[in-house]
Amino acid sequence: MTRQTSQQTPSTETIGWTREQMAQRLAQDIADGSYVNLGIGIPELVAKFVPAGRELIYHTENGLLGMGPSPEPGAGDPELINAGKRQVTANPGAAFFHHADSFAMIRGGHLDLCVLGALQVAHNGDLANWSTGADDAIPAVGGAMDLVAGVKSIYVITQHCTKTGEPKLVEACTYPLTGLGVVNRVYSNLAVIDVTANGFQLVELAPGVDVDTVKQATGAPLLLPASANIGSTK
Amino acid sequence: MINKQVTSPAEAVRDVFDGATIMVGGFGEAGSPIELIHALIDQGAKGLTIVSNNCGSGEVGLAALLNAERVAKVICSFPRTANSTVFPDLYHSGKIKLELTPQGTLAERIRAGGAGIPAFYTPAAVGTPLAEGKEARAFDGKTYIMERGLKADFALIKGRMADTHGNVVFNKTARNFAPIMAMAASVAVIQVERVVEPGSMDPETVVTPGIFISRVVEVPEPAHESQLVAAGVTYP
């Protein structure tokens with residue numbers, strides 16, 4: 001990994017929820033029977049934490065509804081893969097289809113939820129998650145712009161700040177946009193935050209995290225909920 | 001008497017011409033028609049425009065075609081691959097043009113091209129750099145951008161089984177772009193593991209009807225890109 005750390009900037013990366021705990025927290029909020037598309041990376045972890053008794057149908061945009069977990073070693077098929085191009089399985093009741101049908105499901109509003117990573121989320125719901133705009137970068141977009149344009153709910157799961165301590169929740173995205181006003185909710189390592197008509201609204205704090213820490217780590221105003229149970233741990 | 005079967009990948013791509021637009025099936029390695037692509041490298045056509053979701057990996061298949069400098073332009077949603085330097089090197093040295101298209105827009109452009117629809121409006125990419133220069137229009141209070149349908153001179157795709165009329169079934173997520181590319185190409189060439197006689201396939205299970213397929217070639221044990229790359233194979 002080419003991870004860079006800053007010695008000077010105080011980091012929020014190691015407090016609050018771990019990646020798995022963020023995924024677990026998000027998984028509690030997915031309704032039974034939902035059709036769900038999980039992005040590559042942390043979003044994929046969500047599937048491991050869906051509460052018992054709920055049945056979700058996973059969509060992968062390369063043409064499968066009813067995606068199951070990774071195959072046993074040696075039992076995979078190079079032609080049964082997910083959007084991250086890793087081998088997966090097909091659950092009972094699965095269906096294969098071509099790419100135009102797959103994106104008709106996406107764009108046509110047939111999927112209930114998409115979980116994505118983010119470079120930046122603006123307080124009006126704008127999302128940047130496909131490019132840093134660097135001159136030497138190879139442009140690559142995949143299906144993110146279609147997903148955010150069409151899926152009913154868009155949840156972002158992300159570290160609250162970058163590895164150098166910059167807020168990822170901002171007034172306005174500086175990276176190239178993926179979509180305008182598309183994000184409904186953010187699950188970070190520090191908090192659960194709704195994107196409302198009035199901006200970012202705190203829903204829940206991660207254990208051991210206080211409101212001031214979240215405010216300082218957020219690059220736009222943070223509305224506080226009326227209820228007094230913020231800070232309670234589960 | 002209809003018989004679309006040809007004897008070899010070489011025969012299947014014999015008339016590809018310089019400057020042709022070719023749709024190449026596959027999402028990652030799933031559905032990538034490696035044997036047809038290698039036959040195209042041997043055939044020698046150059047100055048090609050390739051329409052494909054990705055740009056291959058290692059130095060086999062689509063990446064090998066690019067590496068042979070036969071491709072002037074790609075229309076693609078995700079040209080970056082962890083284990084290939086072919087596209088990045090060509091792109092940085094200005095030897096290849098890229099038309100970056102969101103994946104769903106790419107699929108719909110291909111579907112539209114094959115369905116006789118010259119253009120359509122989509123909500124994807126509105127307000128992003130990929131909407132620049134495109135016509136925007138509001139419908140029912142929401143903004144959309146216009147995208148053009150895509151057609152091709154050839155499609156190179158892969159299936160599991162076909163009959164000699166060109167009716168096809170696919171294998172799992174290898175189906176991806178193949179059915180719509182078959183519709184959008186003047187000459188759709190498909191490699192399948194098994195060719196059967198008409199009547200051998202249940203018409204209810206046919207995924208791509210034969211009207212969209214021009215040539216069928218049997219490749220009984222097709223290579224998988226990841227296995228070739230892992231084995232250190234390069235082509236030619």
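A residue counts as buried here when its relative accessible area is under 20%. In this predicted model, S57(B) has a relative accessible area of 7%, so it falls in the buried class. S57(B) sits in the loop that runs between β3 (48-51) and α3 (61-67) of chain B. With neighbours within four places in sequence set aside, its contacts are A63(B), T81(B), N83(B), S84(B), E225(B) and V229(B). With one of these, E225(B), the contact is also polar: the side chains of S57(B) and E225(B) come to 2.7 Å.

Chain A has a buried loop residue too. Q159(A) belongs to the loop between β8 (153-158) and β9 of chain A, and its relative accessible area of 19% puts it in the buried class, where the cut-off is under 20%. Leaving out residues up to four places away in sequence, Q159(A) touches E13(A), R19(A), M22(A), K168(A), S188(A) and N189(A). The side chains of Q159(A) and N189(A) make a polar contact at 3.4 Å. As for R25(A), 134 residues separate it from Q159(A) in sequence, while the C-alpha to C-alpha distance is 14 Å.

The strand β9(A) that follows this loop is part of an open, mixed sheet of three strands, ordered β7-β6-β9 in chain A. Both β7 (127-128) and β9 (169-170) of chain A have a single partner strand and stand at the edges, so each has one side without a neighbour in the sheet. Strand β6 (residues 120-122) of chain A runs parallel to β9(A), and two bridges join them. In this pairing, A122(A) has V170(A) of β9(A) as its bridge partner.

Next come the salt bridges, of which the rule counts 15 over all chains. Side chains of opposite charge can pair when their charged atoms come close. In chain A, R185(A) pairs with D29(A), with the closest N and O atoms 2.9 Å apart. D29(A) is in the loop between α1 (19-27) and β1 (35-38) of chain A and R185(A) is in strand β10 (residues 185-188), so this salt bridge ties together parts 156 residues apart in sequence. R185(A) also forms a salt bridge with D194(A), here with the closest N and O atoms at 2.6 Å. R185(A) itself is buried, at 15% relative accessible area, whereas D29(A) is partly exposed at 28% and D194(A) is partly exposed at 22%.

Over in chain B, K134(B) and E147(B) form a salt bridge, their closest N and O atoms 3.0 Å apart. This pair links the loop between β6 and β7 (136-139) of chain B, where K134(B) lies, to strand β8 (residues 142-148), which holds E147(B); the two residues are 13 apart. Again one partner is buried, E147(B) at 3% relative accessible area, and the other, K134(B), is partly exposed at 29%. Back in chain A, salt bridges with shared partners join R25(A), D29(A), R185(A), D194(A) and E204(A) into one network.

That leaves the interface. Here 46 residues of chain B are in contact with 36 residues of chain A. The area buried between the two chains is about 3,300 Å², and carbon and sulfur atoms give 66% of that. On the chain B side, F27(B), K172(B) and T173(B) lose the most area to chain A, together 19% of what that side buries. The rule finds two salt bridges across this interface; K158(B) and E79(A) meet in a salt bridge with an N to O distance of 2.8 Å. There are also 18 residue pairs in polar contact across the interface, with both residues at pLDDT 80 or more. On the side of chain B that touches chain A, at least two residues each come from α4 (86-92), β5 (97-100), α5 (103-114) and α6 (178-184). The largest share, six residues, is supplied by α5(B). By type, that side divides into 21 nonpolar, 17 polar and eight charged residues.

Helix α3 (residues 99-107) of chain A is mostly covered, with seven of its nine residues buried: H99(A), A100(A), S102(A), F103(A), M105(A), I106(A) and R107(A). These residues pack against elements of both chains, namely β2 (57-60), β3 (64-68) and α4 (144-150) of chain A, plus α5, β6 (119-122) and α6 of chain B. After α3(A) comes G109(A), with a positive phi near 80°.

Methods: Residues numbered from 1 in each chain as written. Chains lettered and ligands numbered in written order. Predicted model: local features only at pLDDT ≥ 70, side-chain atom pairs only at ≥ 80, totals over all residues. Heavy atoms only, no water. Contact = heavy atoms within 4.5 Å. Buried area = accessible area lost by both parts, 1.4 Å probe. Salt bridge = Lys/Arg side-chain N within 4 Å of Asp/Glu carboxyl O. Polar contact = N/O pair within 3.5 Å; in protein donor to acceptor, adjacent residues only side chain to side chain. Helix = DSSP H or I, 4+ residues; strand = E, 2+ residues; numbered from the N terminus. Nonpolar A, V, L, I, M, F, W, Y, C, P; charged D, E, K, R; others polar. Pairing = 2+ DSSP bridges. Buried < 20%, exposed > 50% of the residue type's maximum accessible area, 1.4 Å probe, protein only.
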